[in-house]
Structures are given as structure tokens and as C-alpha cells.
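Hi,

Here is the structure I promised to send over. Have a look at it first, and then read my notes underneath.

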Amino acid sequence: MICARCDRPLGPDDDFDKESVDGATGPGITIYRHRLPCRPAVPRQTAPVPLQR
Ligand SMILES: [Zn+2]
């Protein structure tokens, strides 16, 4: 199980919420999220490209 918000693995000991999402064209999926607020996964940023002057 992976937290849909922060993309981190959820273990049996973690406190998480389960949410069913209906699929538009098929069976829905179940997503899991930490019950405690977790930080959303952010795209890994490389070093910012300096603007050319
Ligand atoms: Zn999370």
C-alpha cells in the first residue's frame, strides 16, 4: 500500500484512511492516505536553473 498523498509506503502499524474511488469506465480503485497529515510528494527538483542575464 502506498499513500496517495505523500507516496510513501504504508505499513500495518501506520494510521491511514482507505478511500474508494469509482472508476468512470471500470471498477474503482482504492487509495490509501495517512490519517495524519503528511506532506504531499513533490517532484524532485534538480538545482534551479539560473536565469541568464
Ligand atoms: Zn502520506
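Below is what I found, starting with the strands and moving on to two single residues.

First, a caveat: this is a predicted model, so please read everything here in that light.

The strand pair is a good place to begin. Strand β1 covers residues 16–21, and strand β2 covers residues 29–34. The two pair in the antiparallel sense, with six bridges between them. If you want one pair to pick out on screen, take F16: its bridge partner in β2 is H34. As for cover, β1 has hardly any: of its six residues, the number that count as buried is zero.

Next, I29, which sits in strand β2. Is I29 buried or exposed? I29 is exposed, because it has 11 other C-beta atoms within 10 Å, and the cut-off for exposed is 12 or fewer. Once you set aside neighbours within four places in sequence, I29 is in contact with V21 and G23. I also checked I29 against C3: the two are 26 residues apart in sequence, and their C-alpha atoms are 13 Å apart in space.

Last, D7, which you will find in the segment before β1. The backbone is what caught my eye here: D7 has a positive phi, near 70°, and D7 is not a glycine. D7 counts as exposed too, because it has 12 C-beta neighbours inside 10 Å, and 12 or fewer is what exposed requires.

That's the lot from me.

Cheers

Methods:
Residues are numbered from 1 along each chain as its sequence is written. This is a predicted model: local features need pLDDT of at least 70, side-chain atom pairs count only at pLDDT 80 or more; totals for chains, interfaces and linings use all residues. A residue is buried if 20 or more other C-beta atoms lie within 10 Å of its own, exposed if 12 or fewer, and partly exposed in between; C-beta atoms are placed from the backbone. Helices (H or I, at least four residues) and strands (E, at least two) are DSSP runs, numbered from the N terminus. Two strands pair if DSSP finds at least two bridges between them. Two residues are in contact if their C-beta atoms, placed from the backbone, lie within 7 Å.
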